[in-house]
Amino acid sequence: NKIHYAEITISAVSPKQYPNDGLPEVALAGRSNVGKSSFINTMVNRKKLARTSGKPGKTRTLNYFNIENELFFVDVPGYGYAKVSNAEQEKWGKMMNIYFSSREELSLSILLVDLRHHPTDLDVQMYDFLKYYNLPVLVVATKADKIKKSKRNKHINQVIQTLELATGDKVVVFSAETREGRDEVWNEILASTRN
Ligand code: GDP
């Protein structure tokens with residue numbers, strides 16, 4: 001999968017700003033530090049389209065990345081910041097509800113989790129939130145290079161069991177270091193946009 005064009009289109013704070021060209025959208029959710037920026041950069045073969053790490057004051061917008069004028073990656077703000085006020089949390093919740101309940105362009109939601117650890121309560125909440133809206137979810141388990149091959153299955157099962165993964169939802173093991181899983185994720189994305 002060669003990507004020639006990938007650019008940030010807009011950081012949207014309200015639905016009025018969502019692009020209206022009808023391209024399919026792939027939402028990317030995950031707690032901060034899970035490896036989402038690295039995931040985006042690996043998927044599009046760029047070093048720093050999405051900024052990695054160390055950005056505590058990150059604003060809570062939906063960041064739209066136009067990929068080859070064929071689809072958008074929609075970076076959903078990382079959840080689980082301790083320092084965000086309740087008012088902020090509420091605003092974020094509203095934006096998430098609007099987007100995930102009504103966005104017709106949404107073709108796939110990707111939830112990133114860290115393969116090394118049990119999914120956190122917030123990961124589980126996010127998964128349940130997506131399933132509440134009956135959305136197909138692809139779970140991408142990141143940082144796989146940090147887990148020995150012999151321990152792989154145990155960690156994958158941990159993810160499946162902790163999230164109580166629904167029938168039809170898949171886990172893809174991924175590493176931004178080795179690029180493992182990249183092709184598989186692209187296949188899942190392209191399959192979802194053809195539906
Ligand atoms: P974000 O906050 O979710 O965007 O996470 P980042 O992409 O900024 O990654 C957080 C940290 O994890 C950084 O230090 C990355 O270098 C590291 N990281 C991300 N993905 C991987 C991976 O697949 N393998 C390894 N070993 N480290 C990773």
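The exercises below work through the sheet, the core and two loop residues of one predicted model, each with a solution in steps.

Residues are numbered from 1 along each chain, as its sequence is written. Because the model is predicted, local features need pLDDT of at least 70 and side-chain atom pairs count only at pLDDT 80 or more, whereas totals for chains, interfaces and linings use all residues.

**Exercise 1. State the confidence scores of the model.**

Solution. Begin with pLDDT, which is the predictor's confidence in each residue, from 0 to 100. The chain averages 90 on this scale, and 92% of the residues score at least 70. Then add the scores for the model, which are ipTM 0.99 and pTM 0.94.

**Exercise 2. Give the strand order of the open sheet, and explain why E1 and E7 each have one side without a neighbour.**

Solution. First fix the terms: helices (H or I, at least four residues) and strands (E, at least two) are DSSP runs numbered from the N terminus, and two strands pair if DSSP finds at least two bridges between them. The seven strands then follow the order E1-E3-E4-E2-E5-E6-E7, with mixed pairing. Strand E1 (6-12) and strand E7 (170-173) stand at the edges with a single partner strand each, so one side of each is left without a neighbour in the sheet. From one strand to the next the twist averages 25°, where axes are lines fitted to C-alpha atoms (for helices over the stretch in contact) and angles run from 0 to 180 degrees between N-to-C directions.

At the E1 edge, six bridges pair E1 with strand E3 (residues 62-67) in the antiparallel sense, and Glu-7 has Asn-66 in E3 as its bridge partner.

**Exercise 3. Describe the surroundings of strand E5, beginning with whether it is enclosed or open.**

Solution. Apply the burial rule, by which a residue is buried if 20 or more other C-beta atoms lie within 10 Å of its own, exposed if 12 or fewer, and partly exposed in between, with C-beta atoms placed from the backbone. Nine of the nine residues of E5 are buried, so this strand is largely enclosed by the rest of the structure.

Next, take the partners of E5. E2 and E5 run parallel and are joined by five bridges, with Ser-109 in E5 as the bridge partner of Ala-27. E5 also pairs with E6 in the parallel sense, over six bridges, and here Ile-110 stands opposite Leu-138 in E6.

Finally, consider the core, meaning a set of buried Ala, Val, Leu, Ile, Met, Phe, Trp, Tyr and Cys residues joined through C-beta atoms within 7 Å. The largest such core has 43 residues, and those with the most contacts inside it are Leu-28, Leu-111, Val-139, Val-140 and Ala-141. E5 supplies the largest share of this core, six residues.

**Exercise 4. Classify Tyr-133 and Lys-151 as buried, partly exposed or exposed.**

Solution. Tyr-133 is found in the loop between helix H3 (121-132) and E6, and because 15 other C-beta atoms lie within 10 Å, Tyr-133 is partly exposed. Two residues are in contact if their C-beta atoms, placed from the backbone, lie within 7 Å; leaving aside neighbours within four places in sequence, Tyr-133 contacts Phe-100 and Ser-101. From C-alpha to C-alpha, Tyr-133 and Ser-101 are 6.1 Å apart in space, though 32 residues apart in sequence.

Lys-151 lies in the loop between E6 and helix H4 (152-163), and with 11 C-beta neighbours inside 10 Å, Lys-151 counts as exposed.
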